[in-house]
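Reader: I should like to learn how to read a few features of a structural model, one at a time. Might we take them in turn?

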Amino acid sequence: MKQHQSQEISTGHGFLESPRWHDGKLWLSDFFRQHVITLDGETVEEQIKVDDSPSGLGFLADGSFLVVTMHDKLVLRIAPDGQVTEHADLSSIAVGAANDMLVTATGDAYVGNFGFDVGGGEEPRPTHIAHIAPDGTVRPVPGDVTCPNGMGLLPDGRTFVVAETFAQRISAFDRADDGSLTNYRTWAPLPEGFSPDGLCVDADGGVWFANVFDDGPAGAFYRVEEGGEITDTIPADGTWAVACAFGGPDNATLYLVCNTTSFEDFFQGISEGHVRTADVGRRGI
């Protein structure tokens with residue numbers, strides 16, 4: 001397994017999630033400070049403040065961006081002029097908090113949810129991914145998934161992958177032209193103790209994922225191929241590895257989101273968020 005090193009480029013945030021490279025900047029959600037920010041070099045700019053914990057992010061062709069609100073279970077649409085509207089209501093599907101999101105070039109959005117009350121001590125149980133059509137229509141994706149988290153499309157544009165945090169696997173669906181997902185299956189089983197969180201895909205079809213929490217090989221990012229072979233790793237130096245995204249001018253910089261916290265601190269809203277970068281010799285798609 002090849003090991004890479006990372007360097008910190010920003011710190012002093014709350015709990016960061018959902019990094020996305022868009023329009024020459026890195027976009028991030030901050031659960032605890034309840035805002036979406038952009039990072040451009042050393043410049044941090046607030047893009048929107050919400051009365052909830054923001055999570056998944058994505059962008060539409062008209063210049064709008066979408067943000068998931070975890071507890072209200074909504075997807076908000078922020079127009080280029082700053083106007084905020086409700087794009088979709090996920091409450092008919094989401095059990096527990098709404099979470100990460102993938103928005104495709106066609107305007108289809110896919111949102112995961114915890115599926116159970118994490119803070120209330122419930123045991124993990126299956127749930128469904130929500131598919132949001134471009135017009136805001138919401139429907140459940142067939143297939144029982146356990147805490148669907150980070151999502152991505154492989155280079156073929158037809159294979160949709162999702163991290164199942166509490167099932168120790170990366171799973172896959174076939175994606176049709178209308179955005180529907182079928183043929184749910186395990187794409188890469190992971191070793192016992194792994195908890196995959198956010199993910200991104202490289203141009204060679206590998207999936208980079210954050211392995212979160214303190215069980216097993218904690219605080220690291222990994223690259224896995226179909227079938228489960230792990231080829232690369234990046235230590236996160238004692239922090240929670242939470243999410244990753246390719247970006248930069250050539251889409252060749254891997255941005256890593258880490259948070260210094262614990263289960264006890266997390267549920268009290270205590271965390272310090274960090275952004276790191278790594279050169280892994282590959283490009284995103």
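Author: Certainly; please note that this is a predicted model. Let us begin with the character of the pocket lining: the residues that line the largest pocket comprise 20 nonpolar, eleven polar and four charged ones.

Reader: What is the volume of the largest pocket, and which residues lie nearest its centre?

Author: The volume of the largest pocket is about 890 Å³. Its lining consists of 35 residues, and those nearest the centre are Arg 20, Leu 102, Val 103, Thr 104 and Ile 285.

Reader: Which strands each supply at least two residues of that lining?

Author: They are β3 (16-22), β7 (54-59), β11 (98-103), β15 (148-153), β19 (196-201) and β23.

Reader: Let us follow β23 further. In what order do the strands of its sheet lie?

Author: A sheet is read strand by strand, from one edge to the other. Here four strands make an open sheet, ordered β2-β25-β24-β23, with antiparallel pairing. The edges are occupied by β2 (7-13) and β23 (240-247); each has a single partner strand, so one side of each lacks a neighbour in the sheet. On average, neighbouring strands of this sheet are turned by 20 degrees against each other, direction ignored.

Reader: How many bridges join β2 and β25?

Author: Four bridges join β2 to strand β25 (residues 272-278), in the antiparallel sense. Within this pairing, Ser 10 is placed opposite Val 275 in β25.

Reader: Is Ala 241 buried or exposed?

Author: The term depends on relative accessible area: a residue under 20% counts as buried. Ala 241, which belongs to strand β23, has a relative accessible area of 0%, and it is therefore buried.

Reader: Which residues does Ala 241 touch, leaving aside those up to four places away in sequence?

Author: With those set aside, Ala 241 touches Ala 210, Asn 211, Val 212, Gly 219, Ala 220, Phe 221, Ala 236 and Val 257. As for a separation through space, the C-alpha atoms of Ala 241 and Thr 69 are 21 Å apart, and the two residues are 172 residues apart along the chain.

Reader: Finally, how should a hairpin be read? How many residues lie between β5 and β6?

Author: One considers the pairing and then the turn. Strand β5 (residues 35-40) pairs with strand β6 (residues 43-49) over six bridges in the antiparallel sense, and His 35 stands opposite Lys 49 in β6. Two residues lie between the strands of this hairpin, and Gly 41 in the turn has a positive phi of about 65 degrees.

Technical notes: Residues are numbered from 1 along each chain as its sequence is written. This is a predicted model: local features need pLDDT of at least 70, side-chain atom pairs count only at pLDDT 80 or more; totals for chains, interfaces and linings use all residues. Side-chain values use heavy atoms; hydrogens and water are left out. Two strands pair if DSSP finds at least two bridges between them. Axes are lines fitted to C-alpha atoms, for helices over the stretch in contact, and angles run from 0 to 180 degrees between N-to-C directions. On a 1 Å grid over the protein atoms alone, a cavity is a set of points where a 1.4 Å probe fits but cannot get out, and a pocket is an open set with protein on both sides within 12 Å along at least five of seven lines; lining residues have an atom within 4 Å of a point. Grid points are joined across faces, edges and corners, and a volume is the space filled by probe spheres set on the points. Ala, Val, Leu, Ile, Met, Phe, Trp, Tyr, Cys and Pro count as nonpolar, Asp, Glu, Lys and Arg as charged, and the others, Gly among them, as polar. Buried means under 20% relative accessible area, exposed over 50%, partly exposed in between (1.4 Å probe, protein chains only). Contact means heavy atoms within 4.5 Å.
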